[in-house]
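Okay, my turn, thanks everyone. Let me put the structure up, and then I'll talk through a sheet and a helix.

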Amino acid sequence: MKLTFLVPVLLIVISIVPSPTSAHFFPNISSIPPSLIPNATIWDAFNKFAGCQKGVKADGLSKLKKYFQLFGYINNSYDNFSDDFDEYLESAVRNYQLNFNLNATGELDAPTLKHIVMPRCGNADIVNGTSTMRSGNPSNTYSANSTIHAVAHYSFFPDRPRWPRGRNQLTYAFQPENQLSDAVRGVFSRAFERWSEVTPLTFTETTSFSRADLRIGFFSGDHGDGEPFDGVLGTLAHAFAPPVGRFHLDGEENWVIDGDFMGSSPMSAIDLESVAVHEIGHLLGLGHSSVEDAIMYPTISSGTRKVELANDDVMGIQELYGSNPNYNGSDPTLTPRGERDMSGAPRFDCSLRCGVLLAVGLFSVLLFV
Ligand SMILES: [Zn+2]
Ligand SMILES: [Zn+2]
């Protein structure tokens, strides 16, 4: 009798305990087997909606509505998941376009769809109806004659949660079942360092997962927090605001450890450190930013490495925690673009450009002589 009672209870317990996955890690892009590179990802189907606007009906638009609801562009109470392009979808598209610095047409034009299908962070861009990406704070708006002339676009979670004052030494731990290698743990250590360089915060790895402030784990699909992962690309990871401290990554991504894409843009390779730096921003209290160079921008292409904090990120995190006394205040956004570690794409930097121009000039002079 007792046993028959225990079996269903055990089954229920097993089904609600998140099951960490053994994630796919690759030392570099050439080690990813072709069988793990998909021909298309779940959001690629949205490309067929090119040119769609309010009033039309198109097969599958309901899925796009769900996409926009997932990231906060359609209210959670909305439940008309028909394939009609209604005013709610139009408003969602327009707000999305504003957040991503696109023409706010409310129509699914090519530049908008290009952004929509990109891999991205699972955290919403709009929380409780308030866009977190356009929080240009007037006090952080710089005059045109200042060396810094950008409007700040960093944002916080509602009510600006942060780790308590006087508790600057945070610990982090990895889900033990993931059994991560030293190389993978080293990637996270470097990612934490980027934030400790500019704040008074320090981050120390601990083996006590249950007692750590920040808990990192790789999972597949539904893992018990209502935000299931979706396989290769789509959403890559998500992280919760302070003081929750949970940071989850999609174990089915092709995570690249060394961040060297050798100038190629592989279909599905995601740089682990780039995503880690972004999600740690959430763990500390930052929301998304509409500044494309910022670490807190929500999307990242396959084969892209973006690990340096931009000025927008630094301003945001320092508003929450203050500066590291040893931080020299150098503005990362003023680093020449050619030297910034932003992308695996081949770079045609200034020195090369100047060299070509000089050669063309000399050749023209010779012709006239
Ligand atoms: Zn995010
Ligand atoms: Zn999760």
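So, E9, residues 254-256, pairs with E10 in the parallel sense, over 3 bridges. One of the partnerships here is Trp-255 with Ile-270 in E10. Keep in mind that this is a predicted model.

Now, in what order do the strands of this sheet run? It's E1-E9-E10, an open sheet of 3 strands with parallel pairing. E1, at 24-26, and E10, at 269-271, are the edge strands, each of them pairing on one side only. From one strand to the next, the twist averages 40°. And there's a helix on this sheet: H6 packs there, touching E9 and E10, and its direction makes about 50° with that of E10.

Okay, over to H5, which is residues 182-196. That's 15 residues, and the helix reaches 20 Å from first C-alpha to last, close to the 21 Å you'd expect at 1.5 Å a residue.

Which residues of H5 are buried? Val-187, Phe-188, Ala-191, Phe-192, Arg-194 and Trp-195. Look down the helix axis and these buried residues fall within an arc of 150°, so they line one face of H5. The face turned away from that buried side carries Asp-182, Ala-183 and Glu-193, which are exposed.

And what covers the buried residues of H5? The cover includes three strands, E4 (169-174), E5 (202-205) and E6 (214-219), plus helix H7 (311-321). H6 (272-284) is in that cover too, so to speak our link back to the sheet, where H6 touches E9 and E10.

Terms used. Residues numbered from 1 in each chain as written. Chains lettered and ligands numbered in written order. Predicted model: local features only at pLDDT ≥ 70, side-chain atom pairs only at ≥ 80, totals over all residues. Helix = DSSP H or I, 4+ residues; strand = E, 2+ residues; numbered from the N terminus. Expected span 1.5 Å × (residues − 1). Buried ≥ 20, exposed ≤ 12 C-beta atoms within 10 Å, placed from the backbone. Arc of directions from axis to C-beta. Contact = placed C-beta atoms within 7 Å. Pairing = 2+ DSSP bridges. Axes fitted to C-alpha atoms, helices over the stretch in contact; angles between N-to-C directions.
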